[in-house]
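Biologist: Could you take me on a close look at one helix and the spot just past its end? Then please work outwards from there, so that I can see what sits around it.

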Amino acid sequence: MQVFHTASGLREVLDKARRKGLSIGFVPTMGNLHDGHLALIVQAAKSNDIVVCSIFVNALQFGLNEDWDKYPRTYESDCAKLRQSGCHYLFHPNDTEMYPNGLDTQSRVICPTMTDVLCGASRPGHFEGVTTVVSKLFNIVQPDEAIFGIKDYQQLAVIRRMAEDLCMPVKITSAPIHREPDGLAMSSRNSYISDEERPKVTVLKETLEWIAQQIVAGNLEFSKLQKDAAKRIKSAGFKTDYITISNSKTLQPAAIDDRQITILGAMYTESARLIDNISIALD
Ligand code: AMP
């Protein structure tokens, strides 16, 4: 695996690959890689000749009181994992390389749809940071395909919409949620969970599954289901940010006759904010 810290260096090798007719698959990340990230690399390698991964902890998508400073940075072990997973090129820029004109005056990509609900409601500006950095990375890498995890369902939906709205010549592909043996969705932020809380945080996934079972069994009292879910999370000792039964495509509150439904949740532990989701298709 070759590592590039500059966009120009990476572009040079990718231009050559493209001229040879090789296809490029791209996996953007913020590092601290776990098996969920590596599955995306493996998936990219299955359908592309060249796999590019980026590691960049993007300050633009973190709020002022969020964890940009303490976000786990594990560059050496990330490189070792990427090498083993079949990644060809790693792009690891610093802040100046990505934002040479500074953060405040950076041109931004704004997607008005789906960005002010769910995680966007509690993290104002987050998705603007995501769409801006992903657009920049797409322009640098110019991939044929980019792979995103369903774990961050809203992010995936926003990026799909952005690529469609802005006619970006890239195929956006999704990858299933990778979980720990007890069901907790893998996340770089799981390291913030205390030992005492750890056995109980599966309540988020279990609650989303309970809602899914209720809906499949015909219980369509969405508002009550959401309230009961928050009670379950509270009784496990955590604070709900949101539990929402949404239309899978628009992320708006699901209508009674919607067939594709995604149940999304976010909850706070003492020092982590965890998200998860589950999709169901009704017939
Ligand atoms: P991150 O570095 O956490 O921003 O994530 C980089 C990419 O990996 C995003 O497309 C995420 O959705 C994806 N990802 C993170 N965690 C998981 C997981 N547990 N399963 C599948 N994909 C994931």
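**A helix end and its surroundings**

Modeller: Start just after helix H6, where Gln142 takes a positive phi of about 50°. Bear in mind as we go that this is a predicted model. As background, most residues other than glycine have a negative phi.

Now step back into the helix itself. H6 has 16 residues, and from its first C-alpha to its last it reaches 22 Å, close to the 22 Å expected at 1.5 Å a residue. Of those 16 residues, 13 are buried, so H6 is largely enclosed by the rest of the structure.

What is it enclosed in? The largest nonpolar core counts 46 residues, and Leu10, Leu14, Val52, Phe138 and Ile172 have the most contacts inside it. At least two residues come from each of several elements, including helix H1 (7-19), strand E2 (24-29), strand E3 (50-55), H6 (126-141) and helix H7 (153-165). The biggest giver is H6, with eight residues. This core also draws on both halves of the protein, taking at least three residues from each of domain 1 (2-175) and domain 2 (188-278).

If you want one residue to click on in there, try Leu14. Leaving aside residues up to four places away in sequence, Leu14 touches Ile24, Ile50, Val52, Tyr89 and Val141. There is a second, separate core too, with 30 residues, among them Leu225, Ile243, Ala272 and Ile280.

Several of the strands I just named belong to an open sheet of six, with parallel pairing and the order E1-E4-E3-E2-E5-E6. Strand E1 (2-4) and strand E6 (171-175) are at the edges with a single partner strand each, so one side of each has no neighbour in the sheet. From one strand to the next, the twist averages 25°. Zoom in on E3 and E4 and you'll find them running parallel, joined by three bridges. Ser54 stands opposite Phe91 in E4. Over at E5 and E6, H7 lies across the two strands and runs at about 170° to E6.

There's another positive phi to look at here. Asn32 sits in the loop between E2 and helix H2 (35-47). Its phi is near 50°, and Asn32 is not a glycine. Asn32 counts as buried because its relative accessibility is 18%, under the 20% cut-off.

Now for the other domain. The C-alpha centres of domain 1 and domain 2 lie 26 Å apart. Their contact involves 21 residues from domain 1 and 20 residues from domain 2.

Further along the chain you meet an open sheet of three strands, ordered E7-E8-E9 and paired antiparallel. Its edge strands are E7 (239-247) and E9 (273-281), each pairing on one side only. Neighbouring strands in this sheet are turned against each other by 10° on average, ignoring direction. E8 (residues 260-268) pairs with E9 over nine bridges, in the antiparallel sense. Ile261 stands opposite Ile280 in E9. Helix H8 (residues 203-216) packs on this sheet and touches E7, E8 and E9, with its direction at about 20° to that of E9. Back on the strands, Met267 stands opposite Leu274 in E9, and E8 and E9 form a hairpin with four residues between them.

H8 deserves the look we gave H6. H8 has 14 residues and reaches 20 Å from first C-alpha to last, close to the 20 Å expected at 1.5 Å a residue. Its buried residues include Val203, Leu204, Leu208, Trp210 and Ile211. The buried residues of H8 pack against helix H9 (222-235) as well as E7, E8 and E9. After H8 comes Gly218, whose phi is positive, near 105°.

One last stop is Leu251, in the loop between E7 and E8. Leu251 is not a glycine, yet it has a positive phi of about 65°. With 2% relative accessibility, Leu251 counts as buried.

To return to where we began: Gln142, with its positive phi, comes just after H6, and H6 is the helix that gives the most to the largest core.

Technical notes: Residues numbered from 1 in each chain as written. Predicted model: local features only at pLDDT ≥ 70, side-chain atom pairs only at ≥ 80, totals over all residues. Heavy atoms only, no water. Pairing = 2+ DSSP bridges. Axes fitted to C-alpha atoms, helices over the stretch in contact; angles between N-to-C directions. Contact = heavy atoms within 4.5 Å. Core = buried A, V, L, I, M, F, W, Y, C linked by side-chain atoms within 4.5 Å. Buried < 20%, exposed > 50% of the residue type's maximum accessible area, 1.4 Å probe, protein only. Domains from an automatic or database assignment. Expected span 1.5 Å × (residues − 1).
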